[in-house]
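Q: Could you walk me through this one before I set anything up? I'd like to hear about cysteines and internal cavities.

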Amino acid sequence: QKMAPSLPATINIQEPRWDQSTFQGRAKHFFMVTDPRNLLLSGATLEEARRVVEDYRAGTVHPGLTEDQLWRAKYIYDSAFHPDTGEKMILVGRMSAQVPMNMTITGCMLTFYRTTPAVLFWQWVNQSFNAIVNYTNRSGDAPITPSQLGTAYVSATTGAVVTALGLKSLTKHLPAIIGRYVPFAAVAAANCINIPLMRQRELKLGIPVTDENGNRLGESTAAAQKAIFQVVVSRIGMAAPAMAIPPVIMNMLEKRAFLKRYPYLNAPLQVGLVGLCLVFATPLCCALFPQKSSMPVSSLEPEVQDQIRKKDPRLETVYFNKGL
């Protein structure tokens, strides 16, 4: 029996498997990255995937390794290890935790929105989770100090709670369905506060920009601004279907006899509907912009442009990891 030919060491696993210049390619990539089943993988499986990927990048191909196995290892590795630092990410901060965590938190925010203590508690839980996600998926490899982290967390949480309570008081005399959308408005406003604050170090000092081959050319604050803007848009888009569709369905169901007879099904139904929306919204909204984003050299700060032109006068485009 013939042995399977050895896998060539020329497959580019620095990049995703599918073409990232198309929305379809990015969507396929993020359906893999955000797959909640990755959370169930053992530490040994993660380390094995890391070994396969790092050995392959160094030119060592494991005997009998197939292309599908290599890509599977690459996606397991990407789901758990930071692309810039290589550190294992906090479990609840990984993109594969987005659906189960957001499903529970958003479902509860939409269920328990009527009383002020409930609004305060669930906005605080949501912003605490967002702070972990934003820190875990930051771009670049520069450390952030505990005081910067604390300031960002307190500011973002305060902003979300103030927005939620302010909107809640404004909707008291409006139809009930309007009140159901207060959590979404608060989450959208909080994302605009939380993400820039948790990534403030990038806005001050810049994020690494590279050429097409990944050679580091410098740090740019203009690239950081573009990266953070794209992440804010994606996160608001991610939250929109999960916070806009279930309230309409629940509003209709609450008028029927079924939920009046079984009121304890309110929260599980809400969480289930949110989960259904998030399974699709999370990867599709992550795919709105390429993970490896780009911008013209001419759009960077003058001093960074000078720095790059000294290294490569003909270079027109730089690339950077926008974060998630």
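**Cysteines and cavities**

Q: How many disulfides does the structure hold?
A: The structure holds zero disulfides, bearing in mind that this is a predicted model.

Q: Why is Cys 108 without a bond to another cysteine?
A: The closest cysteine sulfur to that of Cys 108 belongs to Cys 277 and lies 16 Å away, which is too far for a bond, because a disulfide needs the two sulfur atoms within 2.5 Å.

Q: And where is the nearest cysteine sulfur to Cys 286?
A: That sulfur belongs to Cys 285 and is 7.6 Å away, and Cys 286 is in no disulfide either.

Q: Are Cys 108 and Cys 286 buried or exposed?
A: Cys 108 is buried, with a relative accessible area of 12%, and Cys 286 is also buried, with a relative accessible area of 2%.

Q: OK, cavities now. How many are there of 30 Å³ or more?
A: The count comes to two cavities of 30 Å³ or more; the largest has a volume of about 180 Å³, and the second largest has a volume of about 30 Å³.

Q: Which residues are closest to the centre of the largest cavity?
A: Of the 15 residues that line the largest cavity, those closest to its centre are Asn 102, Asn 130, Val 187, Arg 235 and Ala 239.

Q: Which elements give two or more residues to that lining?
A: Those elements are H4, H5, helix H8 (182-198) and helix H10 (221-254), with H10 supplying the largest share, five residues.

Q: How does the lining of the largest cavity divide by class?
A: The lining of the largest cavity divides into eight nonpolar residues, six polar and one charged.

Q: And what lines the second largest cavity?
A: Its lining is made up of Val 231, Ser 234, Arg 235, Met 238, Cys 286, Lys 322 and Leu 324, so the buried Cys 286, with its relative accessible area of 2%, comes up again here. H10 gives the most to this lining, with four residues, and by class the lining has four nonpolar residues, one polar and two charged.

Q: Changing topic, where is Arg 114?
A: Arg 114 sits in the loop between helix H4 (98-111) and helix H5 (116-136).

Q: Is Arg 114 buried or exposed?
A: Arg 114 is exposed, with a relative accessible area of 51%, where the cut-off for exposed is over 50%.

Q: How far apart are Arg 114 and Lys 168 in space?
A: From C-alpha to C-alpha, Arg 114 and Lys 168 are 8.4 Å apart, although 54 residues apart in sequence.

How values were computed: Residues are numbered from 1 along each chain as its sequence is written. This is a predicted model: local features need pLDDT of at least 70, side-chain atom pairs count only at pLDDT 80 or more; totals for chains, interfaces and linings use all residues. Side-chain values use heavy atoms; hydrogens and water are left out. Buried means under 20% relative accessible area, exposed over 50%, partly exposed in between (1.4 Å probe, protein chains only). On a 1 Å grid over the protein atoms alone, a cavity is a set of points where a 1.4 Å probe fits but cannot get out, and a pocket is an open set with protein on both sides within 12 Å along at least five of seven lines; lining residues have an atom within 4 Å of a point. Grid points are joined across faces, edges and corners, and a volume is the space filled by probe spheres set on the points. Ala, Val, Leu, Ile, Met, Phe, Trp, Tyr, Cys and Pro count as nonpolar, Asp, Glu, Lys and Arg as charged, and the others, Gly among them, as polar.
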